[in-house]
Amino acid sequence: MTRLLQFLAALPGILLLSIGTRWIVTPASVAMDMNVPMMEGMARSTQIADFGAFFAGSGLFILIGVVTSRRTWLYAGAIMMAFAAVFRTGAWLLHDAAFASQAITIELVTFGPVLALAAKLKMDESSEDG
């Protein structure tokens, strides 16, 4: 069971890390895939850095958690994805943004296996202590 959860948690980690990498390698392409227009000047630097750091960091946190079996890293990646969903919802509620139901669903589904693995690791630790 743990191996399956590790595999399922690693998939979003790999996906997120690859999206983050695309932000530095092919930013115009990934921006188009995400329906985000490329900005100009200093705004472009911020756009590439912030999007790239968010995706690469989230993915790396998850992968470190999978490889090391340390729940803290898994939680860090899951929290990043959960906040993305929260901020999208806030943008809709407070700032007249379109409701991004598809993106929110993907974010919530993405961190499900990560949290499941963290819960499994916690149960394993608890059974070792007892």
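## Contacts across the sequence

Among the contacts in the protein with a separation of 6 or more, 58% join residues that are 24 or more positions apart. This is a predicted model, and the chain it shows has 130 residues, of which 32% are buried.

Two pairs of residues give a feel for such separations. Met80 and Pro113 lie 33 residues apart along the chain, and their C-alpha atoms are separated by 14 Å. For Lys120 and Tyr75, 45 residues apart along the chain, the C-alpha separation is 13 Å.

## The overall plan

What kinds of elements build the protein, helices or strands? There are five helices and zero strands, so reading along the sequence gives the pattern α-α-α-α-α. The C-alpha trace spans about 55 × 35 × 20 Å along its principal axes.

## Where α1 meets α3

A good place to begin exploring is the pair α1 and α3. Their axes come within 7 Å and cross at roughly 155°. The two helices are therefore roughly antiparallel to each other, and their crossing is left-handed.

Which residues make this meeting? On the α1 side they are Gln6, Ala9, Ala10, Gly13, Ile14, Leu16, Leu17, Ile19, Gly20, Trp23 and Ile24. On the α3 side they are Gln47, Ile48, Phe51, Gly52, Phe55, Ala56, Ser58, Gly59, Ile62, Leu63 and Val66. Sorted by class, the contact of α1 with α3 holds 15 nonpolar and seven polar residues, with no charged ones.

## Where α3 meets α4

Helix α3 covers residues 41–68 and helix α4 covers residues 71–95. They pack at an angle of about 150°, with their axes 7 Å apart. Because angles over 145 degrees count as roughly antiparallel, α3 is roughly antiparallel to α4. Here α3 passes α4 in a left-handed crossing.

From α3, the contact uses Phe54, Ser58, Phe61, Ile62, Ile64, Gly65, Val66 and Thr68. From α4, it uses Trp73, Leu74, Ala76, Gly77, Met80, Met81 and Ala84. Eleven of the residues in the contact of α3 with α4 are nonpolar, four are polar and none is charged.

## Two residues in that contact

Is Ser58 of helix α3 buried or exposed? With a relative accessible area of 0%, Ser58 is buried. Setting aside residues up to four places away in sequence, Ser58 touches Leu16, Ala53, Gly77, Met80 and Met81. Among these partners, Leu16 takes part in the meeting of α1 with α3, while Gly77, Met80 and Met81 belong to the α4 side of the contact with α3.

Met80 sits in helix α4 and counts as partly exposed, at 26% relative accessibility. Apart from neighbours within four places in sequence, Met80 is in contact with Phe54, Ser58 and Phe61. Those three residues are listed on the α3 side of the contact with α4.

## The nonpolar core

The largest nonpolar core has 22 residues. Those with the most contacts inside it are Trp23, Ile62, Val66, Leu74, Val114 and Leu117. Which elements give two or more residues to this core? They are α1 (2–25), α2 (27–33), α3, α4 and α5 (101–129). The largest share, six residues, comes from α1.

Val66 is a handy residue to follow through the model. Leaving out residues up to four places away in sequence, Val66 touches Gln6, Ala9, Ala10, Leu74 and Leu117. Val66 also appears in the meeting of α1 with α3 and in the contact of α3 with α4.

## A buried lysine in α5

Lys120 is found in helix α5. At 18% relative accessibility, Lys120 counts as buried, because the cut-off for buried is under 20%. Beyond residues up to four places away in sequence, Lys120 touches Met1, Thr2 and Leu5.

## Two loop residues with positive phi

Two loop residues round off the tour. Asn35, placed in the loop between α2 and α3, has a positive phi of about 60° although it is not a glycine. Asn35 counts as exposed, at 72% relative accessibility.

Ser69 is found in the loop between α3 and α4. Ser69 is not a glycine either, yet has a positive phi of about 60°. Its relative accessible area of 30% makes Ser69 partly exposed.

Key:
Residues numbered from 1 in each chain as written. Predicted model: local features only at pLDDT ≥ 70, side-chain atom pairs only at ≥ 80, totals over all residues. Heavy atoms only, no water. Axes fitted to C-alpha atoms, helices over the stretch in contact; angles between N-to-C directions. Helix = DSSP H or I, 4+ residues; strand = E, 2+ residues; numbered from the N terminus. Parallel < 35°, antiparallel > 145°, perpendicular 65-115°, else oblique. Left-handed = near helix turned anticlockwise from the far one by under 90°. Contact = heavy atoms within 4.5 Å. Nonpolar A, V, L, I, M, F, W, Y, C, P; charged D, E, K, R; others polar. Buried < 20%, exposed > 50% of the residue type's maximum accessible area, 1.4 Å probe, protein only. Core = buried A, V, L, I, M, F, W, Y, C linked by side-chain atoms within 4.5 Å.
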